[in-house]
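Reader: I am new to reading protein structures. Please take me through this one by question and answer.

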Amino acid sequence: ELLVLEKGKPLTGINYKLAFPKENYELEFSAQRIEGNDFLCGLTFPVADEFCSFIGGGWGGGVVGLSSVDGYDAAENATSLYYTFENKRWYKFRLRVDSKNITGWIDDKEVIQQEREGHKFSTRIEVYVSRPLGLCAFSSKVALRDLRYRKLTAAEQAP
């Protein structure tokens, strides 16, 4: 199945409003920016009693990171990195939240590992509506497929 998010003004997305785990889970999906030049992945997710967003392609198309960590956006905190996203190419995103870390991958390459202890997680006001779980795109038409989540096994959970 293919889900297409039409270009928003500036955001468009989908939300999951039912009960969802607060930790010890993993999310996976593939995304393709069909047209546009900003983020194709704005995944908002729970972290215990807080929320955070995994951004792929933000701030003009290339910033990857978590928004927000200790009040700093993905472009301003230690998770920030630049990644080149091409239009009309599929990218596989994976996010894991365990009791110790938030870890993110793009195309099976780890791009984020953020320790949870001692940090505060939040979202920008623009994506409050995406809580507890949502996917959005900014100024871009995006296709999504292969959306799935699973609970971590006992062996996968951080000690």
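Author: A definition comes before the questions. Rings of Phe, Tyr and Trp pair if their centres lie within 6.5 Å. The model discussed here is predicted.

Reader: Which residues form one aromatic cluster?
Author: The rule for a pair is that ring centres lie within 6.5 Å. By this rule the model has 10 aromatic pairs. One aromatic cluster is formed by F29, F54, Y83, F85, Y91 and F93.

Reader: What kind of aromatic pair do the rings of F20 and Y25 make?
Author: Planes over 60 degrees apart count as edge-to-face. The ring centres of F20 and Y25 are 5.0 Å apart and the planes stand at 80°, so this pair is edge-to-face.

Reader: How many residues apart in sequence are the parts that F54 and F93 tie together?
Author: F54 and F93 are an edge-to-face pair, with 5.9 Å from centre to centre and 80° between the planes. Both residues are buried. F54 belongs to strand β5 and F93 to strand β8, so their pair ties together parts whose separation in sequence is 39 residues.

Reader: In what order do the six strands of the open sheet lie?
Author: An open sheet has edges, and here the edge strands are β2 (11-16) and β7 (81-82), each pairing on one side only. The pairing in the sheet is antiparallel. The order of the six strands is β2-β11-β4-β5-β6-β7.

Reader: Which residue in β5 stands opposite C41?
Author: Strand β4 covers residues 41-47 and strand β5 covers residues 50-57. These two strands run antiparallel and are joined by seven bridges. Opposite C41 in β5 stands G56.

Reader: How many bridges join β3 to β12?
Author: β3 pairs with β8 in the antiparallel sense through eight bridges, and F29 stands opposite F93 there. Nine of the 12 residues of β3 are buried, so the strand is largely enclosed by the rest of the structure. With β12 (residues 140-151), β3 pairs antiparallel, and S30 stands opposite R145. The number of bridges between β3 and β12 is 10.

Reader: Which ring lies under R145?
Author: Arginine can sit over an aromatic ring, and the charged end of R94 does so at 3.8 Å from the centre of the W105 ring. For R145, the distance to the ring centre is 3.8 Å, and the ring is that of W90.

Reader: How many residues are in the largest nonpolar core?
Author: Residues with the most contacts inside this core are L43, F45, F54, F93 and I106. L43 touches residues including L27, F29, F54, L95 and L133. The largest nonpolar core has 32 residues.

Reader: How many residues does the other core have?
Author: This core lies apart from the largest one. Among its residues are F39, I55, V127 and C136. The count is six.

Reader: How many disulfides are there?
Author: A disulfide needs two cysteine sulfur atoms within 2.5 Å. The cysteine sulfur closest to that of C41 is in C136, 8.4 Å away, which is too far for a bond. For C52 the nearest cysteine sulfur is that of C41, at 11 Å. The count of disulfides is zero.

Reader: Is D38 buried or exposed?
Author: D38 lies in the loop between β3 (25-36) and β4. Its contacts include R33, W59, F138 and S139. D38 and S139 are 101 residues apart in sequence, while their C-alpha atoms are 6.0 Å apart. At 11% relative accessible area, under the 20% cut-off, D38 is buried.

Reader: Which residue is joined to P10 by a cis peptide bond?
Author: Most peptide bonds are trans. P10 is in the loop between β1 (2-5) and β2. Omega is near 0° for the cis bond to P10, which comes from K9.

Reader: What is the phi of A48?
Author: Most residues other than glycine have a negative phi. A48 is in the loop between β4 and β5, and is partly exposed, with a relative accessible area of 29%. A48 is not a glycine, yet its phi is positive, about 55°.

Definitions and conventions
Residues numbered from 1 in each chain as written. Predicted model: local features only at pLDDT ≥ 70, side-chain atom pairs only at ≥ 80, totals over all residues. Heavy atoms only, no water. Pairing = 2+ DSSP bridges. Helix = DSSP H or I, 4+ residues; strand = E, 2+ residues; numbered from the N terminus. Phe/Tyr/Trp six-rings, centres within 6.5 Å; stacked < 30°, edge-to-face > 60°. Buried < 20%, exposed > 50% of the residue type's maximum accessible area, 1.4 Å probe, protein only. Lys NZ or Arg CZ within 6 Å of the ring centre and 35° of its normal. Core = buried A, V, L, I, M, F, W, Y, C linked by side-chain atoms within 4.5 Å. Contact = heavy atoms within 4.5 Å. Lists of a residue's contacts leave out its neighbours within four places in sequence.
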